[in-house]
Amino acid sequence: MEEVELKRILWRSRRGLLELDLQLERFVAEVLPTLSEAELALYGDVLLLPDQDFLAYVNGAVACPNARLVPMIERIRAAQR
Amino acid sequence: MSVPVRKFDAVIVGAGGAGLRAALQLSEAGLKTAVLSKVFPTRSHTVAAQGGVSASLGNSEPDHWHWHMYDTVKGSDWLGDQDAIEFMCREAPNVVVELEHFGMPFDRNADGSIYQRPFGGHMSNFGEKPVRRACAAADRTGHAMLHALYQRNVRANTQFFVEWMALDLVRDEQGNVQGVVAMEMETSEVYVFQAKATLFATGGAGRIFASSTNAFINTGDGLGMAARAGIPLEDMEFWQFHPTGVAGAGVLITEGVRGEGGILRNSAGERFMERYAPNAKDLASRDVVSRAMVTEINEGRGCGPNKDHVLLDITHLDPEVIKSKLPGIREISIKFANVDPIKAPIPVVPTCHYQMGGIPTNYKGEVIVDEKPVTGFYAAGEVACASVHGANRLGTNSLLDLLVFGKSSGNSMIDFIKTAPKDLPPLAIGDVERSLARVERLNQQSNGTQVNDARAAMQATMQKHCGVFRFKDMLAEGVAKILEVEKMVKTIEIADKSRTFNTARLEALELENLIEVAKATMISADARTESRGAHVRDDAEDTPERPNGRDDQNWLKHTLWHRDGNQLKYKPVTMKPLSVDTIALKTRSY
């Protein structure tokens with residue numbers, strides 16, 4: 001992945017909701033460096049979710065209906081433990 | 001000067017509720033309108049607003065804008081300007097119905113009308129009994145509002161510049177506003193956005209405090225830019241706090257936890273609320289609880305290595321009760337405090353939520369300095385101080401503020417642009433050069449302060465010295481300390497000088513905005529020797545002449561902090577509404 005894309009992803013991990021900011025901050029610091037190119041692209045797609053839905057999936061309050069995104073949502077959830 | 005210039009009729013900085021509402025007004029009038037935003041518009045912090053938007057539609061029971069006005073004036077502890085408050089409350093039903101027509105999915109009654117629910121402080125007949133006035137879209141009102149307004153703007157051909165950060169305001173020699181200097185994040189290229197009219201709708205600056213519910217993007221960029229451009233900031237001592245946020249994170253723990261039997265404890269394990277409120281104890285009102293928590297921390301009985309928080313203990317509750325009645329709280333605590341509240345108490349601290357002050361405007365969204373509008377400059381939303389919230393905001397009036405003043409500033413801008421000369425005047429380069437020099441200093445600085453260190457020092461100073469409950473000596477010390485922190489900020493450096501999406505540079509630029517807000521807040525709070533609304537001081541005594549410490553004789557006035565020399569000036573509160581009689585001063589009690 002080009003550096004610009006990676007850094008765009010880092011910036012886009014800043015959200016409108018504090019609870020997402022805090023959880024993504026942790027994920028970005030601990031997990032992002034270990035992701036493959038394909039996984040990074042998938043995380044980039046997850047970042048396109050509307051904040052309220054995204055938070056509900058990360059909190060496990062609602063199951064993410066898009067099966068393709070679920071593994072990455074689970075990685076973000078796992079980073080919070 | 002080689003800075004590229006882009007020209008528009010109107011430039012709006014910020015794409016939350018206020019910015020989008022104003023942009024819509026302008027674009028639908030056929031004006032060439034640019035909106036700059038650090039993040040994608042629907043990820044603005046407006047998305048966090050859950051409670052609803054108030055309007056006296058009277059769909060469930062009789063209601064009247066005048067009653068809404070009364071509640072707002074009382075909520076503001078009489079510091080709100082009554083002309084602006086009348087304007088907002090009268091406009092509320094119009095802007096809410098408009099939003100409905102824009103496709104906002106409000107909750108509805110069986111007859112199809114907008115469902116309205118009760119909310120704290122909403123009363124009928126001038127404070128007589130609760131009334132249902134809050135309109136909501138489930139618990140996603142802000143989110144739904146952003147989506148409705150964004151879609152409508154796309155249709156109206158508003159030009160969005162997403163992932164752009166405005167750096168500085170551009171004013172000519174007469175002080176007229178010509179636009180902003182802004183940076184494209186992807187390239188770090190700097191442009192001037194020149195326009196006939198410029199609106200700041202950049203939101204609040206809750207990140208000045210160590211504990212805040214605000215998203216990371218809430219760095220008071222508009223306030224920093226305005227202050228550097230010589231615009232004073234109004235009533236910055238007034239911030240709304242919630243008693244219990246997770247220490248170090250800011251995520252709120254609902255007051256329901258204390259309702260279920262949660263107990264606040266200090267470092268000795270003592271249930272300290274027994275001393276402050278022998279009857280209500282942990283269920284005392286918000287201000288009493290906040291005051292007790294801060295007093296414990298100040299007197300050295302705080303917990304943790306820095307003795308900077310207290311503990312909320314529910315370990316004595318049946319684990320099954322916690323799991324069934326407080327599952328969300330358990331999850332928040334595990335996630336953000338790394339504590340399972342079944343086994344150990346939750347670290348909590350009073351947490352900043354909302355900024356009442358801001359850039360001084362009138363109800364038309366025009367920025368007012370020395371009683372006159374600043375030509376070409378407008379502000380709306382949390383960054384602005386109209387002032388409708390005064391010393392304390394009424395719940396659900398924040399979303400209403402965005403809609404009403406976003407629209408009214410849009411209309412004022414249209415009127416102004418129509419009368420302005422067709423061609424833009426020559427661009428004044430002084431401010432542009434100062435802005436470029438600011439960026440260049442960051443690139444050149446070495447042996448300076450790390451951004452994270454300076455920000456942490458600022459946040460700790462604000463939290464400790466200027467938090468939810470304030471002490472004379474602490475404020476005086478706080479002023480000296482924040483001026484020291486300012487010196488640190490003047491030498492902040494970044495290791496990463498790269499050009500593409502350089503988050504380090506952006507965070508440094510944000511800190512330069514935050515520090516202006518922090519200074520304004522500390523210095524304004526130190527000077528205001530009364531208690532009013534959200535500004536509560538230990539040394540403002542409750543007497544018959546000054547109930548709750550409010551001193552109308554000396555302090556029924558707005559603070560104006562000027563960056564130049566940290567001067568404070570004051571201006572009177574507008575007590576005269578537009579069409580009705582004044583709502584006379586009274587003790588604020590519920």
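How many salt bridges does the count come to over all chains? In this predicted model, the count comes to 55 salt bridges over all chains. Between chain A and chain B, the count is 6 salt bridges. One pairing across the two chains is A:Asp53 with B:Arg140, where the closest N and O atoms sit 2.7 Å apart. A:Asp53 belongs to helix H4 (residues 51–58) of chain A, while B:Arg140 is in the loop between strand S5 (129–135) and helix H4 (141–155) of chain B, so this pair joins two chains. A:Lys7 also reaches over to chain B, its side chain meeting that of B:Asp496 in a salt bridge at 3.2 Å, N to O. As a rule, side chains of opposite charge can pair when their charged atoms come close.

Now for the contact as a whole. Chain A puts 26 residues into it and chain B puts in 37 residues. The area buried between chain A and chain B is about 2,700 Å², and carbon and sulfur atoms give 55% of that area.

Next come the empty spaces. Rolling a probe the size of a water molecule over the atoms shows where empty space is left. The second largest pocket has a volume of about 740 Å³. Its lining takes in 26 residues, and those nearest the centre of the pocket are A:Glu25, B:Arg207, B:Phe216, B:Arg455 and B:Glu507. Three elements give two or more residues to this lining: helix H2 (18–30) of chain A, plus helix H13 (451–465) and helix H15 (503–527) of chain B. H2(A) supplies the largest share, with 6 residues. Sorted by character, the lining of the second largest pocket holds 11 nonpolar, 8 polar and 7 charged residues.

As for closed spaces, a search of the whole structure turns up 1 cavity of 30 Å³ or more, and the volume of the largest cavity is about 30 Å³. Both chains line the largest cavity: A:Trp11, A:Arg12 and A:Arg14 come from chain A, and B:Val39, B:Phe40, B:Arg43 and B:Glu163 from chain B. That lining splits into 3 nonpolar and 4 charged residues, with no polar ones.

Turning to the record, UniProt (an unreviewed entry) places the feature "domain: FAD-dependent oxidoreductase 2 FAD-binding" at residues 9–399 of chain B. Over residues 9–399, chain B is 28% helix and 26% strand, and the C-alpha atoms at the two ends of this stretch are 26 Å apart.

A couple of backbone details in chain B round things off. Most residues other than glycine have a negative phi, and most peptide bonds are trans. B:Ala386 and B:Ser387 are joined by a cis peptide bond, with omega about -5 degrees. B:Ser387 sits in the loop between strand S18 (384–385) and helix H11 (397–419) of chain B. B:Ser188 has a phi near 65 degrees, a positive value in a residue other than glycine. B:Ser188 is found in the loop between strand S8 (177–184) and strand S9 (190–200) of chain B.

Definitions and conventions:
Residues are numbered from 1 along each chain as its sequence is written. Chains are lettered from A and ligands numbered from 1 in the order in which they are written. This is a predicted model: local features need pLDDT of at least 70, side-chain atom pairs count only at pLDDT 80 or more; totals for chains, interfaces and linings use all residues. Side-chain values use heavy atoms; hydrogens and water are left out. On a 1 Å grid over the protein atoms alone, a cavity is a set of points where a 1.4 Å probe fits but cannot get out, and a pocket is an open set with protein on both sides within 12 Å along at least five of seven lines; lining residues have an atom within 4 Å of a point. Grid points are joined across faces, edges and corners, and a volume is the space filled by probe spheres set on the points. Ala, Val, Leu, Ile, Met, Phe, Trp, Tyr, Cys and Pro count as nonpolar, Asp, Glu, Lys and Arg as charged, and the others, Gly among them, as polar. UniProt positions are given in the numbering used here, feature names are shortened, and annotations may be inferred rather than shown by experiment. Helices (H or I, at least four residues) and strands (E, at least two) are DSSP runs, numbered from the N terminus. Contact means heavy atoms within 4.5 Å. Buried area is the accessible area (1.4 Å probe) that two parts lose on being put together, summed over both. A salt bridge is a side-chain nitrogen of Lys or Arg within 4 Å of a carboxyl oxygen of Asp or Glu.
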